Amino acid sequence: MDDSIGRAIRERVEQEGFARKVGLELVGVGPGYALVEMVPKRDDENIFGMVHGGAIFSLMDEAFQVSCNSHGTVAVALCVNVVYHNPPEGGVRLRAESKEIHRSNKTATYRIQVTDAGDRLIASCQAVAYRKGGKLPFLETSE
């Protein structure tokens, strides 16, 4: 992966309002790969006092977004299938790791796993991206 793509994606994620609001931190990016972390806050809890599935999904979706766009061309979500395995402890750092498992000219498939600080599996996901093509629009402005 071209270093300028990784830098541009990192800068864009840092400016992304939703990522800041939810506390998502891009830790690693590579070709077809992303690692994103968050520490759920008290207001990320559902009605049962557990981390809301939407917060966990947001973590996975950010990793997916970064990994499927890491080739420098525009890609968007087509399908995301999530399985929640274990409820995470509140206030414990969660990490979502997205790995590309197949890529063609038009689609790409990713496996995303969320684990806690003790490497316990919290959620897993298979996601499919539609590769629209065309250079990421923010690449020109970051070079």
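These are my notebook entries on one protein chain, looked up in a predicted model.

**Entry 1: the whole chain**

I began by listing the elements, and I found four helices and six strands in the chain. Read from the N terminus, their order is α-α-β-β-α-β-β-β-β-α. I then looked up the radius of gyration, which is 15 Å, close to the 15 Å from the globule rule for 143 residues, so the chain is as compact as a globular protein of that length. The C-alpha trace spans about 45 × 30 × 25 Å along the principal axes.

Next I looked at burial and surface. Of the 143 residues, 41% are buried. The exposed surface of the chain comes to about 7,700 Å², and 49% of that is supplied by carbon and sulfur atoms. I also looked up contacts with a separation of 6 or more, and 63% of them are between residues 24 or more positions apart.

**Entry 2: strand E2 and its partners**

I turned to strand E2, residues 33-38. Which strands pair with E2? Strand E1, residues 25-30, is joined to E2 by five bridges, and the two run antiparallel. I noted one of the pairs: Leu 26 has Val 36 in E2 as its bridge partner. E1 and E2 form a hairpin with two residues between them. In the turn I found Gly 32, with a positive phi of about 70°.

Strand E4, residues 94-103, also pairs with E2, over six bridges and again in the antiparallel sense. Here I noted that Ala 34 has Ser 98 in E4 as its bridge partner.

Is E2 enclosed or open? I counted five of its six residues as buried, so E2 is largely enclosed by the rest of the structure.

**Entry 3: helix H3**

I checked the length of helix H3, residues 53-69, against expectation. At 1.5 Å a residue, its 17 residues should span 24 Å, and I found the end C-alpha atoms 24 Å apart, which agrees.

Then I looked up burial in H3. Twelve of its 17 residues are buried, so the helix is largely enclosed by the rest of the structure. Among them are Ala 55, Ile 56, Leu 59, Met 60, Ala 63 and Phe 64. Glu 62 and Asn 69 are also on the buried list. I wrote down a rule to go with this: an α-helix has 3.6 residues a turn, so residues three or four places apart point the same way.

**Entry 4: the cysteines**

I searched for disulfides and found zero in the structure. A disulfide is a covalent bond between the sulfur atoms of two cysteines. Why is Cys 79 not bonded to Cys 125? The sulfur of Cys 125 is the closest cysteine sulfur to that of Cys 79, but it is 8.6 Å away, too far for a bond. The cut-off is 2.5 Å between the sulfur atoms.

I also looked up how each cysteine is covered. Cys 79 is partly exposed, with a relative accessible area of 44%. Cys 125 is buried, with a relative accessible area of 5%.

**Entry 5: Thr 115**

My last look-up was Thr 115, which I located in strand E5, residues 107-116. Is Thr 115 buried or exposed? Its relative accessible area is 15%, so I recorded Thr 115 as buried, the cut-off being under 20%. Leaving aside neighbours within four places in sequence, I found Thr 115 in contact with Arg 93, Leu 94 and Arg 95, and also with Arg 120, Leu 121 and Ile 122.

Notes. Residues are numbered from 1 along each chain as its sequence is written. This is a predicted model: local features need pLDDT of at least 70, side-chain atom pairs count only at pLDDT 80 or more; totals for chains, interfaces and linings use all residues. Side-chain values use heavy atoms; hydrogens and water are left out. Buried means under 20% relative accessible area, exposed over 50%, partly exposed in between (1.4 Å probe, protein chains only). Two strands pair if DSSP finds at least two bridges between them. The expected span of a helix is 1.5 Å times one less than its number of residues. The radius of gyration is taken over C-alpha atoms; the globule rule is 2.2 Å times the number of residues to the power 0.38. Contact means heavy atoms within 4.5 Å. Accessible areas come from the Shrake-Rupley method with a 1.4 Å probe; for residues, only the protein chains shown count as cover.
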